[in-house]
Protein chains: 2
Amino acid sequence: MNKVLIVGLGLIGGSYARCLTKANIDVYAITKNEDDIIYAKENNIIKDGYAYVSKDFVNSFDRIIFCLYPKTMLEWVKEYKDYIKDGAIITDVSGVKGEILYQIQDLLKNKAEFIGSHPMAGKEKPGIKESDESLFLNANFIITPTKNNTKEGIEFARTIGKIISSKQQTILTPEKHDEMIAFLSQLTHAIAISLMTSNDDYENLVLYTGDSFRDLTRIANIDENLWSELFLLNKKELIESIDKFIKELNNLRNNIVNDDVEKIKNQMKTSTYRRKFFNKK
Amino acid sequence: MNKVLIVGLGLIGGSYARCLTKANIDVYAITKNEDDIIYAKENNIIKDGYAYVSKDFVNSFDRIIFCLYPKTMLEWVKEYKDYIKDGAIITDVSGVKGEILYQIQDLLKNKAEFIGSHPMAGKEKPGIKESDESLFLNANFIITPTKNNTKEGIEFARTIGKIISSKQQTILTPEKHDEMIAFLSQLTHAIAISLMTSNDDYENLVLYTGDSFRDLTRIANIDENLWSELFLLNKKELIESIDKFIKELNNLRNNIVNDDVEKIKNQMKTSTYRRKFFNKK
(Lines give C-alpha, C1' and ligand atoms only; values in the text may rest on other atoms or scores of the structure.)
Protein backbone atom coordinates (compact mmCIF):
# COMPACT_ATOMS: atom_id res chain seq x y z
CA MET A 1 0.00 0.00 0.00
CA ASN A 2 1.76 3.13 -1.27
CA LYS A 3 -1.20 5.43 -1.37
CA VAL A 4 -4.71 5.63 0.01
CA LEU A 5 -7.78 7.79 -0.52
CA ILE A 6 -9.67 9.08 2.51
CA VAL A 7 -13.20 10.28 1.85
CA GLY A 8 -14.30 12.68 4.59
CA LEU A 9 -11.70 14.74 6.46
CA GLY A 10 -13.32 15.29 9.86
CA LEU A 11 -12.05 14.35 13.31
CA ILE A 12 -11.75 10.65 12.41
CA GLY A 13 -10.67 11.08 8.78
CA GLY A 14 -8.08 13.66 9.81
CA SER A 15 -6.74 11.44 12.59
CA TYR A 16 -6.49 8.47 10.20
CA ALA A 17 -4.70 10.71 7.69
CA ARG A 18 -2.14 11.81 10.28
CA CYS A 19 -1.36 8.19 11.22
CA LEU A 20 -1.10 6.99 7.60
CA THR A 21 1.11 9.93 6.58
CA LYS A 22 3.35 9.21 9.56
CA ALA A 23 3.61 5.60 8.29
CA ASN A 24 5.00 6.95 4.98
CA ILE A 25 1.87 6.28 2.99
CA ASP A 26 0.77 8.94 0.49
CA VAL A 27 -2.60 10.12 1.75
CA TYR A 28 -5.07 11.80 -0.60
CA ALA A 29 -8.48 13.09 0.40
CA ILE A 30 -11.88 14.11 -0.83
CA THR A 31 -13.98 16.21 1.51
CA LYS A 32 -16.84 18.70 1.39
CA ASN A 33 -15.03 21.90 2.34
CA GLU A 34 -12.07 23.29 0.41
CA ASP A 35 -10.84 24.88 3.67
CA ASP A 36 -10.27 21.48 5.23
CA ILE A 37 -8.17 20.39 2.24
CA ILE A 38 -6.09 23.57 2.52
CA TYR A 39 -5.65 23.09 6.29
CA ALA A 40 -4.70 19.42 5.85
CA LYS A 41 -2.13 20.19 3.15
CA GLU A 42 -0.60 23.09 5.07
CA ASN A 43 -0.23 20.87 8.13
CA ASN A 44 1.20 17.91 6.18
CA ILE A 45 -1.77 15.76 7.14
CA ILE A 46 -2.38 14.79 3.49
CA LYS A 47 -0.38 14.96 0.28
CA ASP A 48 -3.22 16.37 -1.79
CA GLY A 49 -6.97 16.46 -2.04
CA TYR A 50 -10.10 17.93 -3.54
CA ALA A 51 -13.45 19.31 -2.47
CA TYR A 52 -15.12 17.64 -5.46
CA VAL A 53 -15.31 14.09 -6.81
CA SER A 54 -13.73 13.27 -10.18
CA LYS A 55 -13.65 9.88 -11.89
CA ASP A 56 -9.97 9.93 -12.85
CA PHE A 57 -8.93 10.77 -9.30
CA VAL A 58 -11.09 8.20 -7.51
CA ASN A 59 -10.19 5.59 -10.13
CA SER A 60 -6.49 5.88 -9.33
CA PHE A 61 -6.81 4.25 -5.86
CA ASP A 62 -6.61 0.57 -4.92
CA ARG A 63 -7.39 1.39 -1.29
CA ILE A 64 -10.10 3.73 0.03
CA ILE A 65 -11.26 4.58 3.57
CA PHE A 66 -14.67 6.15 4.08
CA CYS A 67 -14.72 8.45 7.11
CA LEU A 68 -18.30 9.66 6.60
CA TYR A 69 -21.57 9.44 8.52
CA PRO A 70 -23.13 6.06 7.61
CA LYS A 71 -25.97 7.43 5.44
CA THR A 72 -23.67 9.90 3.69
CA MET A 73 -21.34 6.99 2.91
CA LEU A 74 -24.23 5.02 1.39
CA GLU A 75 -25.27 8.04 -0.74
CA TRP A 76 -21.67 8.53 -1.85
CA VAL A 77 -21.38 4.91 -3.00
CA LYS A 78 -24.73 5.12 -4.81
CA GLU A 79 -23.61 8.24 -6.69
CA TYR A 80 -19.97 7.46 -7.43
CA LYS A 81 -19.65 3.66 -7.47
CA ASP A 82 -18.74 3.64 -11.15
CA TYR A 83 -15.74 5.87 -10.39
CA ILE A 84 -14.23 3.23 -8.12
CA LYS A 85 -11.43 1.11 -9.57
CA ASP A 86 -12.24 -2.54 -10.27
CA GLY A 87 -10.77 -4.69 -7.51
CA ALA A 88 -10.31 -1.82 -5.04
CA ILE A 89 -10.55 -2.63 -1.35
CA ILE A 90 -12.50 -0.22 0.82
CA THR A 91 -13.12 0.09 4.55
CA ASP A 92 -14.97 2.56 6.78
CA VAL A 93 -15.04 3.76 10.41
CA SER A 94 -18.72 3.78 11.04
CA GLY A 95 -20.34 3.07 14.40
CA VAL A 96 -23.26 1.06 13.02
CA LYS A 97 -22.76 -1.75 10.52
CA GLY A 98 -25.75 -3.98 9.75
CA GLU A 99 -28.06 -2.57 7.15
CA ILE A 100 -25.70 -0.02 5.55
CA LEU A 101 -22.78 -2.45 5.28
CA TYR A 102 -24.86 -5.03 3.39
CA GLN A 103 -26.31 -2.36 1.07
CA ILE A 104 -22.82 -1.11 0.18
CA GLN A 105 -21.53 -4.63 -0.43
CA ASP A 106 -24.49 -5.20 -2.77
CA LEU A 107 -23.86 -1.95 -4.66
CA LEU A 108 -20.17 -2.84 -5.17
CA LYS A 109 -20.74 -6.52 -6.02
CA ASN A 110 -18.35 -7.92 -8.68
CA LYS A 111 -16.52 -4.58 -8.69
CA ALA A 112 -14.81 -3.76 -5.39
CA GLU A 113 -14.58 -5.21 -1.87
CA PHE A 114 -16.04 -3.42 1.14
CA ILE A 115 -14.84 -4.58 4.57
CA GLY A 116 -16.37 -2.97 7.65
CA SER A 117 -14.20 -1.77 10.51
CA HIS A 118 -14.73 0.42 13.57
CA PRO A 119 -12.11 2.17 15.71
CA MET A 120 -13.56 2.47 19.23
CA ALA A 121 -12.51 5.97 20.18
CA GLY A 122 -13.58 9.54 19.61
CA LYS A 123 -13.81 12.99 21.08
CA GLU A 124 -16.66 15.39 21.79
CA LYS A 125 -15.37 17.99 19.32
CA PRO A 126 -15.67 17.38 15.57
CA GLY A 127 -13.55 18.60 12.65
CA ILE A 128 -10.08 18.14 11.19
CA LYS A 129 -8.61 20.76 13.52
CA GLU A 130 -9.38 18.40 16.42
CA SER A 131 -7.70 15.46 14.68
CA ASP A 132 -4.91 13.75 16.58
CA GLU A 133 -2.53 10.94 15.63
CA SER A 134 -2.90 9.44 19.13
CA LEU A 135 -6.72 9.40 19.13
CA PHE A 136 -6.81 5.61 18.73
CA LEU A 137 -3.85 4.74 20.92
CA ASN A 138 -4.86 1.68 22.98
CA ALA A 139 -8.40 1.75 21.58
CA ASN A 140 -10.27 -1.39 20.62
CA PHE A 141 -10.67 -1.97 16.87
CA ILE A 142 -13.41 -4.15 15.43
CA ILE A 143 -13.48 -5.74 11.98
CA THR A 144 -16.83 -7.03 10.69
CA PRO A 145 -16.36 -9.36 7.71
CA THR A 146 -19.25 -11.09 5.90
CA LYS A 147 -19.24 -14.00 3.44
CA ASN A 148 -18.46 -11.42 0.73
CA ASN A 149 -15.04 -10.58 2.18
CA THR A 150 -11.65 -12.05 1.26
CA LYS A 151 -8.51 -12.64 3.32
CA GLU A 152 -6.94 -9.70 1.49
CA GLY A 153 -9.83 -7.45 2.54
CA ILE A 154 -9.59 -8.47 6.19
CA GLU A 155 -5.81 -8.01 6.01
CA PHE A 156 -6.32 -4.43 4.74
CA ALA A 157 -8.53 -3.62 7.73
CA ARG A 158 -5.99 -5.21 10.09
CA THR A 159 -3.21 -3.10 8.59
CA ILE A 160 -5.23 0.10 9.09
CA GLY A 161 -5.94 -0.93 12.70
CA LYS A 162 -2.21 -1.36 13.27
CA ILE A 163 -1.26 1.93 11.62
CA ILE A 164 -3.66 3.90 13.82
CA SER A 165 -2.07 2.17 16.88
CA SER A 166 -5.21 0.47 18.13
CA LYS A 167 -4.49 -1.95 20.95
CA GLN A 168 -6.69 -4.90 20.28
CA GLN A 169 -8.35 -6.15 17.12
CA THR A 170 -11.46 -8.27 17.21
CA ILE A 171 -13.47 -9.93 14.48
CA LEU A 172 -17.27 -9.80 14.88
CA THR A 173 -20.24 -10.33 12.59
CA PRO A 174 -21.96 -7.04 11.68
CA GLU A 175 -24.97 -8.19 13.74
CA LYS A 176 -22.91 -8.97 16.85
CA HIS A 177 -21.07 -5.65 16.42
CA ASP A 178 -24.32 -3.72 16.38
CA GLU A 179 -25.73 -5.58 19.39
CA MET A 180 -22.57 -4.85 21.37
CA ILE A 181 -22.36 -1.22 20.27
CA ALA A 182 -26.00 -0.66 21.22
CA PHE A 183 -25.12 -1.52 24.79
CA LEU A 184 -21.59 -0.14 25.20
CA SER A 185 -21.85 3.04 23.19
CA GLN A 186 -25.40 4.00 22.24
CA LEU A 187 -27.07 3.17 25.56
CA THR A 188 -24.36 5.09 27.44
CA HIS A 189 -24.98 8.14 25.24
CA ALA A 190 -28.75 7.83 25.70
CA ILE A 191 -28.24 7.71 29.49
CA ALA A 192 -25.88 10.70 29.54
CA ILE A 193 -28.30 12.78 27.46
CA SER A 194 -31.31 11.87 29.61
CA LEU A 195 -29.43 12.55 32.84
CA MET A 196 -28.46 15.97 31.54
CA THR A 197 -31.98 16.88 30.43
CA SER A 198 -33.83 15.43 33.44
CA ASN A 199 -33.09 18.33 35.80
CA ASP A 200 -33.77 21.92 34.71
CA ASP A 201 -31.84 23.46 37.59
CA TYR A 202 -28.49 22.87 35.86
CA GLU A 203 -27.14 26.36 36.47
CA ASN A 204 -27.38 25.85 40.24
CA LEU A 205 -26.27 22.23 40.16
CA VAL A 206 -22.89 23.30 38.78
CA LEU A 207 -22.13 24.82 42.19
CA TYR A 208 -22.52 21.52 43.97
CA THR A 209 -21.35 18.92 41.51
CA GLY A 210 -18.63 16.34 42.06
CA ASP A 211 -16.78 14.22 39.54
CA SER A 212 -19.44 11.49 39.38
CA PHE A 213 -21.92 13.69 37.57
CA ARG A 214 -19.19 15.12 35.33
CA ASP A 215 -18.05 11.61 34.35
CA LEU A 216 -21.54 10.38 33.60
CA THR A 217 -22.36 13.38 31.41
CA ARG A 218 -19.07 13.92 29.52
CA ILE A 219 -20.65 12.37 26.42
CA ALA A 220 -23.86 14.41 26.88
CA ASN A 221 -22.00 16.95 24.75
CA ILE A 222 -23.02 15.28 21.52
CA ASP A 223 -23.18 15.82 17.74
CA GLU A 224 -26.94 15.56 17.20
CA ASN A 225 -26.72 14.93 13.45
CA LEU A 226 -24.37 11.97 13.71
CA TRP A 227 -25.92 10.42 16.80
CA SER A 228 -29.58 10.71 15.83
CA GLU A 229 -28.55 8.84 12.67
CA LEU A 230 -26.63 6.16 14.59
CA PHE A 231 -29.52 5.69 17.06
CA LEU A 232 -32.10 5.22 14.31
CA LEU A 233 -29.93 2.91 12.20
CA ASN A 234 -29.59 0.59 15.20
CA LYS A 235 -33.06 1.12 16.62
CA LYS A 236 -34.00 -2.47 17.45
CA GLU A 237 -30.82 -3.27 19.36
CA LEU A 238 -30.74 0.10 21.12
CA ILE A 239 -34.35 -0.17 22.33
CA GLU A 240 -33.59 -3.64 23.72
CA SER A 241 -30.58 -2.28 25.60
CA ILE A 242 -32.54 0.70 26.99
CA ASP A 243 -35.32 -1.63 28.16
CA LYS A 244 -32.90 -4.00 29.89
CA PHE A 245 -31.21 -1.08 31.64
CA ILE A 246 -34.49 0.52 32.79
CA LYS A 247 -35.66 -2.84 34.11
CA GLU A 248 -32.46 -3.16 36.17
CA LEU A 249 -32.67 0.42 37.50
CA ASN A 250 -36.31 -0.20 38.42
CA ASN A 251 -35.29 -3.31 40.35
CA LEU A 252 -32.83 -1.23 42.35
CA ARG A 253 -35.51 1.45 42.83
CA ASN A 254 -37.97 -1.09 44.19
CA ASN A 255 -35.39 -2.58 46.54
CA ILE A 256 -34.83 0.93 47.92
CA VAL A 257 -38.59 1.46 48.33
CA ASN A 258 -38.82 -1.84 50.21
CA ASP A 259 -35.75 -1.15 52.41
CA ASP A 260 -34.33 -4.42 51.13
CA VAL A 261 -30.72 -3.79 52.22
CA GLU A 262 -29.48 -7.26 51.29
CA LYS A 263 -30.74 -7.04 47.70
CA ILE A 264 -29.28 -3.54 47.31
CA LYS A 265 -25.92 -4.71 48.65
CA ASN A 266 -25.95 -7.74 46.36
CA GLN A 267 -26.49 -5.60 43.28
CA MET A 268 -23.65 -3.31 44.38
CA LYS A 269 -21.35 -6.29 44.98
CA THR A 270 -22.11 -7.64 41.49
CA SER A 271 -21.44 -4.25 39.97
CA THR A 272 -18.16 -3.84 41.88
CA TYR A 273 -17.01 -7.33 40.88
CA ARG A 274 -17.80 -6.81 37.20
CA ARG A 275 -16.37 -3.31 36.96
CA LYS A 276 -12.87 -4.55 37.79
CA PHE A 277 -12.73 -6.28 34.39
CA PHE A 278 -13.01 -2.89 32.69
CA ASN A 279 -10.04 -1.20 34.34
CA LYS A 280 -7.56 -0.05 31.72
CA LYS A 281 -4.42 -2.18 31.64
CA MET B 1 -7.79 26.19 66.64
CA ASN B 2 -4.60 24.50 67.89
CA LYS B 3 -5.84 20.95 68.01
CA VAL B 4 -8.68 18.90 66.63
CA LEU B 5 -10.11 15.41 67.15
CA ILE B 6 -10.99 13.31 64.10
CA VAL B 7 -13.31 10.39 64.78
CA GLY B 8 -12.94 7.78 62.03
CA LEU B 9 -9.62 7.45 60.17
CA GLY B 10 -10.67 6.11 56.78
CA LEU B 11 -10.13 7.58 53.33
CA ILE B 12 -11.86 10.84 54.20
CA GLY B 13 -10.73 11.11 57.85
CA GLY B 14 -7.17 10.32 56.83
CA SER B 15 -7.22 12.91 54.04
CA TYR B 16 -8.63 15.54 56.44
CA ALA B 17 -5.92 14.63 58.96
CA ARG B 18 -3.17 15.08 56.38
CA CYS B 19 -4.46 18.55 55.42
CA LEU B 20 -4.91 19.70 59.04
CA THR B 21 -1.46 18.42 60.07
CA LYS B 22 0.04 20.25 57.10
CA ALA B 23 -1.69 23.42 58.36
CA ASN B 24 0.20 23.03 61.67
CA ILE B 25 -2.81 21.91 63.67
CA ASP B 26 -2.29 19.07 66.16
CA VAL B 27 -4.48 16.26 64.91
CA TYR B 28 -5.64 13.50 67.24
CA ALA B 29 -7.81 10.59 66.22
CA ILE B 30 -10.13 7.87 67.44
CA THR B 31 -10.74 4.97 65.13
CA LYS B 32 -11.81 1.31 65.24
CA ASN B 33 -8.54 -0.39 64.28
CA GLU B 34 -5.31 0.05 66.22
CA ASP B 35 -3.40 -0.62 62.96
CA ASP B 36 -4.77 2.54 61.40
CA ILE B 37 -3.60 4.61 64.39
CA ILE B 38 -0.13 3.07 64.11
CA TYR B 39 -0.01 3.71 60.36
CA ALA B 40 -1.21 7.31 60.80
CA LYS B 41 1.38 8.03 63.49
CA GLU B 42 4.22 6.42 61.56
CA ASN B 43 3.35 8.49 58.51
CA ASN B 44 2.95 11.74 60.47
CA ILE B 45 -0.71 11.96 59.51
CA ILE B 46 -1.75 12.44 63.15
CA LYS B 47 0.02 13.40 66.37
CA ASP B 48 -1.63 10.68 68.43
CA GLY B 49 -4.74 8.57 68.68
CA TYR B 50 -6.56 5.62 70.18
CA ALA B 51 -8.62 2.65 69.09
CA TYR B 52 -10.95 3.16 72.08
CA VAL B 53 -13.04 6.04 73.42
CA SER B 54 -12.17 7.58 76.81
CA LYS B 55 -13.93 10.47 78.50
CA ASP B 56 -10.79 12.41 79.47
CA PHE B 57 -9.46 12.26 75.92
CA VAL B 58 -12.68 13.26 74.14
CA ASN B 59 -13.34 15.94 76.74
CA SER B 60 -10.07 17.70 75.96
CA PHE B 61 -11.21 18.90 72.50
CA ASP B 62 -13.02 22.11 71.54
CA ARG B 63 -13.22 21.00 67.91
CA ILE B 64 -14.24 17.57 66.58
CA ILE B 65 -14.75 16.22 63.06
CA PHE B 66 -16.77 13.06 62.55
CA CYS B 67 -15.57 11.10 59.51
CA LEU B 68 -17.92 8.16 60.01
CA TYR B 69 -20.79 6.57 58.10
CA PRO B 70 -23.95 8.56 59.01
CA LYS B 71 -25.59 5.88 61.16
CA THR B 72 -22.32 5.04 62.92
CA MET B 73 -21.94 8.74 63.69
CA LEU B 74 -25.44 8.82 65.20
CA GLU B 75 -24.68 5.73 67.31
CA TRP B 76 -21.39 7.27 68.47
CA VAL B 77 -23.10 10.45 69.60
CA LYS B 78 -25.80 8.49 71.42
CA GLU B 79 -23.19 6.45 73.27
CA TYR B 80 -20.55 9.08 74.04
CA LYS B 81 -22.33 12.43 74.05
CA ASP B 82 -21.59 12.94 77.74
CA TYR B 83 -17.86 12.69 77.00
CA ILE B 84 -18.02 15.74 74.72
CA LYS B 85 -16.80 19.03 76.19
CA ASP B 86 -19.44 21.68 76.87
CA GLY B 87 -19.38 24.28 74.13
CA ALA B 88 -17.44 22.12 71.68
CA ILE B 89 -18.08 22.67 67.97
CA ILE B 90 -18.40 19.59 65.79
CA THR B 91 -18.74 19.00 62.08
CA ASP B 92 -18.95 15.94 59.82
CA VAL B 93 -18.35 14.87 56.21
CA SER B 94 -21.45 12.88 55.59
CA GLY B 95 -23.17 12.61 52.21
CA VAL B 96 -26.71 12.72 53.59
CA LYS B 97 -27.82 15.33 56.08
CA GLY B 98 -31.55 15.59 56.85
CA GLU B 99 -32.75 13.15 59.45
CA ILE B 100 -29.39 12.27 61.05
CA LEU B 101 -28.25 15.91 61.33
CA TYR B 102 -31.39 16.94 63.22
CA GLN B 103 -31.16 13.92 65.52
CA ILE B 104 -27.56 14.74 66.41
CA GLN B 105 -28.39 18.41 67.02
CA ASP B 106 -31.19 17.27 69.36
CA LEU B 107 -28.90 14.89 71.24
CA LEU B 108 -26.28 17.61 71.75
CA LYS B 109 -28.76 20.40 72.61
CA ASN B 110 -27.51 22.86 75.26
CA LYS B 111 -24.17 21.07 75.26
CA ALA B 112 -22.28 21.29 71.98
CA GLU B 113 -22.86 22.66 68.48
CA PHE B 114 -23.13 20.37 65.47
CA ILE B 115 -22.74 21.99 62.05
CA GLY B 116 -23.14 19.82 58.94
CA SER B 117 -20.65 19.99 56.10
CA HIS B 118 -19.91 17.85 53.06
CA PRO B 119 -16.75 17.81 50.92
CA MET B 120 -17.81 16.77 47.41
CA ALA B 121 -15.02 14.39 46.46
CA GLY B 122 -14.00 10.81 47.02
CA LYS B 123 -12.34 7.80 45.56
CA GLU B 124 -13.43 4.24 44.83
CA LYS B 125 -10.93 2.74 47.28
CA PRO B 126 -11.51 3.09 51.03
CA GLY B 127 -9.08 3.22 53.96
CA ILE B 128 -6.41 5.47 55.44
CA LYS B 129 -3.74 4.06 53.10
CA GLU B 130 -5.67 5.63 50.21
CA SER B 131 -5.86 9.02 51.97
CA ASP B 132 -4.45 11.96 50.06
CA GLU B 133 -3.95 15.60 51.01
CA SER B 134 -5.06 16.67 47.52
CA LEU B 135 -8.29 14.64 47.51
CA PHE B 136 -10.42 17.77 47.92
CA LEU B 137 -8.40 20.10 45.73
CA ASN B 138 -10.90 22.12 43.65
CA ALA B 139 -13.83 20.16 45.06
CA ASN B 140 -17.11 21.79 46.00
CA PHE B 141 -17.78 22.07 49.76
CA ILE B 142 -21.27 22.41 51.18
CA ILE B 143 -22.20 23.70 54.63
CA THR B 144 -25.72 22.97 55.91
CA PRO B 145 -26.59 25.20 58.89
CA THR B 146 -29.95 25.09 60.69
CA LYS B 147 -31.51 27.55 63.14
CA ASN B 148 -29.46 25.82 65.87
CA ASN B 149 -26.15 26.96 64.42
CA THR B 150 -24.09 30.02 65.33
CA LYS B 151 -21.76 32.22 63.30
CA GLU B 152 -18.85 30.60 65.10
CA GLY B 153 -20.07 27.14 64.08
CA ILE B 154 -20.40 28.12 60.44
CA GLU B 155 -16.98 29.77 60.62
CA PHE B 156 -15.48 26.49 61.90
CA ALA B 157 -16.90 24.61 58.91
CA ARG B 158 -15.62 27.32 56.55
CA THR B 159 -12.14 27.05 58.04
CA ILE B 160 -12.10 23.27 57.53
CA GLY B 161 -13.25 23.77 53.94
CA LYS B 162 -10.32 26.12 53.36
CA ILE B 163 -7.77 23.87 55.03
CA ILE B 164 -8.71 20.92 52.82
CA SER B 165 -8.30 23.23 49.77
CA SER B 166 -11.86 22.98 48.52
CA LYS B 167 -12.55 25.38 45.68
CA GLN B 168 -16.00 26.67 46.33
CA GLN B 169 -18.08 26.83 49.49
CA THR B 170 -21.85 26.92 49.38
CA ILE B 171 -24.46 27.23 52.12
CA LEU B 172 -27.57 25.08 51.70
CA THR B 173 -30.34 23.92 54.00
CA PRO B 174 -30.02 20.23 54.91
CA GLU B 175 -33.17 19.57 52.85
CA LYS B 176 -31.85 21.33 49.74
CA HIS B 177 -28.52 19.54 50.18
CA ASP B 178 -30.20 16.15 50.22
CA GLU B 179 -32.37 16.96 47.21
CA MET B 180 -29.34 18.07 45.24
CA ILE B 181 -27.19 15.13 46.32
CA ALA B 182 -29.95 12.68 45.38
CA PHE B 183 -29.69 13.90 41.81
CA LEU B 184 -25.96 14.64 41.41
CA SER B 185 -24.46 11.83 43.41
CA GLN B 186 -26.91 9.09 44.36
CA LEU B 187 -28.77 8.89 41.04
CA THR B 188 -25.45 8.75 39.17
CA HIS B 189 -24.31 5.85 41.36
CA ALA B 190 -27.65 4.08 40.90
CA ILE B 191 -27.29 4.45 37.12
CA ALA B 192 -23.68 3.22 37.07
CA ILE B 193 -24.60 0.15 39.15
CA SER B 194 -27.62 -0.71 36.99
CA LEU B 195 -25.66 -0.25 33.77
CA MET B 196 -22.99 -2.62 35.08
CA THR B 197 -25.48 -5.28 36.17
CA SER B 198 -27.80 -5.06 33.15
CA ASN B 199 -25.61 -7.10 30.80
CA ASP B 200 -24.25 -10.50 31.87
CA ASP B 201 -21.79 -10.74 28.97
CA TYR B 202 -19.30 -8.43 30.71
CA GLU B 203 -16.25 -10.62 30.11
CA ASN B 204 -16.72 -10.34 26.33
CA LEU B 205 -17.75 -6.69 26.42
CA VAL B 206 -14.34 -5.76 27.81
CA LEU B 207 -12.85 -6.63 24.40
CA TYR B 208 -14.96 -4.05 22.62
CA THR B 209 -15.39 -1.23 25.09
CA GLY B 210 -14.51 2.40 24.52
CA ASP B 211 -14.11 5.18 27.07
CA SER B 212 -17.83 6.03 27.24
CA PHE B 213 -18.72 2.84 29.06
CA ARG B 214 -15.65 3.11 31.28
CA ASP B 215 -16.59 6.68 32.26
CA LEU B 216 -20.21 5.84 33.02
CA THR B 217 -19.27 2.88 35.20
CA ARG B 218 -16.22 4.17 37.09
CA ILE B 219 -18.39 4.62 40.19
CA ALA B 220 -20.00 1.18 39.72
CA ASN B 221 -17.05 0.04 41.85
CA ILE B 222 -18.83 0.90 45.08
CA ASP B 223 -18.66 0.35 48.86
CA GLU B 224 -21.97 -1.48 49.39
CA ASN B 225 -22.12 -0.82 53.14
CA LEU B 226 -21.76 2.95 52.87
CA TRP B 227 -23.88 3.41 49.78
CA SER B 228 -26.80 1.17 50.76
CA GLU B 229 -26.96 3.31 53.93
CA LEU B 230 -26.79 6.60 52.01
CA PHE B 231 -29.46 5.43 49.52
CA LEU B 232 -31.90 4.42 52.27
CA LEU B 233 -31.32 7.54 54.38
CA ASN B 234 -32.28 9.66 51.39
CA LYS B 235 -34.92 7.36 49.98
CA LYS B 236 -37.66 9.86 49.12
CA GLU B 237 -35.42 12.28 47.22
CA LEU B 238 -33.52 9.49 45.46
CA ILE B 239 -36.69 7.75 44.25
CA GLU B 240 -37.94 11.08 42.85
CA SER B 241 -34.66 11.57 40.97
CA ILE B 242 -34.69 8.02 39.60
CA ASP B 243 -38.29 8.45 38.42
CA LYS B 244 -37.54 11.77 36.67
CA PHE B 245 -34.54 10.23 34.95
CA ILE B 246 -36.42 7.10 33.80
CA LYS B 247 -39.22 9.30 32.46
CA GLU B 248 -36.70 11.29 30.42
CA LEU B 249 -34.95 8.19 29.10
CA ASN B 250 -38.33 6.73 28.17
CA ASN B 251 -39.16 9.89 26.22
CA LEU B 252 -35.95 9.48 24.23
CA ARG B 253 -36.76 5.77 23.76
CA ASN B 254 -40.20 6.57 22.38
CA ASN B 255 -38.83 9.23 20.03
CA ILE B 256 -36.45 6.58 18.67
CA VAL B 257 -39.32 4.08 18.25
CA ASN B 258 -41.31 6.75 16.36
CA ASP B 259 -38.34 7.82 14.17
CA ASP B 260 -38.93 11.36 15.44
CA VAL B 261 -35.55 12.77 14.35
CA GLU B 262 -36.40 16.36 15.29
CA LYS B 263 -37.33 15.48 18.89
CA ILE B 264 -34.22 13.32 19.27
CA LYS B 265 -32.03 16.14 17.94
CA ASN B 266 -33.70 18.68 20.22
CA GLN B 267 -33.01 16.61 23.31
CA MET B 268 -29.38 16.21 22.20
CA LYS B 269 -29.05 19.95 21.60
CA THR B 270 -30.41 20.68 25.09
CA SER B 271 -28.03 18.20 26.62
CA THR B 272 -25.04 19.62 24.72
CA TYR B 273 -25.97 23.18 25.72
CA ARG B 274 -26.35 22.31 29.41
CA ARG B 275 -23.25 20.13 29.65
CA LYS B 276 -21.00 23.08 28.80
CA PHE B 277 -21.80 24.61 32.21
CA PHE B 278 -20.20 21.60 33.91
CA ASN B 279 -16.80 21.79 32.25
CA LYS B 280 -14.06 22.17 34.86
CA LYS B 281 -12.63 25.65 34.92
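These legends walk through a few close-up views of a predicted model. Local features need pLDDT of at least 70 and side-chain atom pairs pLDDT 80 or more, while totals for chains, interfaces and linings use all residues. Residues are numbered from 1 along each chain as its sequence is written, chains are lettered from A in the order in which they are written, and side-chain values use heavy atoms, leaving out hydrogens and water.

**View 1. How chain B maps onto chain A.** A turn of 180° with a shift of 0.0 Å along the axis lays chain B on chain A, at an RMSD of 0.0 Å (least squares on C-alpha atoms of residues with pLDDT of at least 70 in both). That's the relation of a two-fold axis. In chain B, the C-alpha of Leu216(B) is the nearest to the axis, 2.4 Å from it.

**View 2. Phe213(A) meets Phe278(B).** Rings of Phe, Tyr and Trp (its six-membered ring) pair if their centres lie within 6.5 Å; planes under 30 degrees apart are stacked, over 60 edge-to-face, the rest tilted. Here the centres are 5.0 Å apart and the planes at 50°, so this pair is tilted. Phe213(A) is buried at 1% relative accessibility (buried is under 20%, exposed over 50%, partly exposed in between; 1.4 Å probe, protein chains only). Phe278(B) is buried too, at 1%.

**View 3. Phe277(A) and Tyr202(B).** This aromatic pair is edge-to-face, with 5.2 Å between centres and 65° between planes. Phe277(A) is partly exposed at 26%, whereas Tyr202(B) is buried at 12%.

**View 4. Lys3(B) over a ring.** Lys3(B) sits over the face of Phe61(B), 4.4 Å from the ring centre (the rule: NZ of Lys or CZ of Arg within 6 Å of the centre and within 35 degrees of the ring normal).
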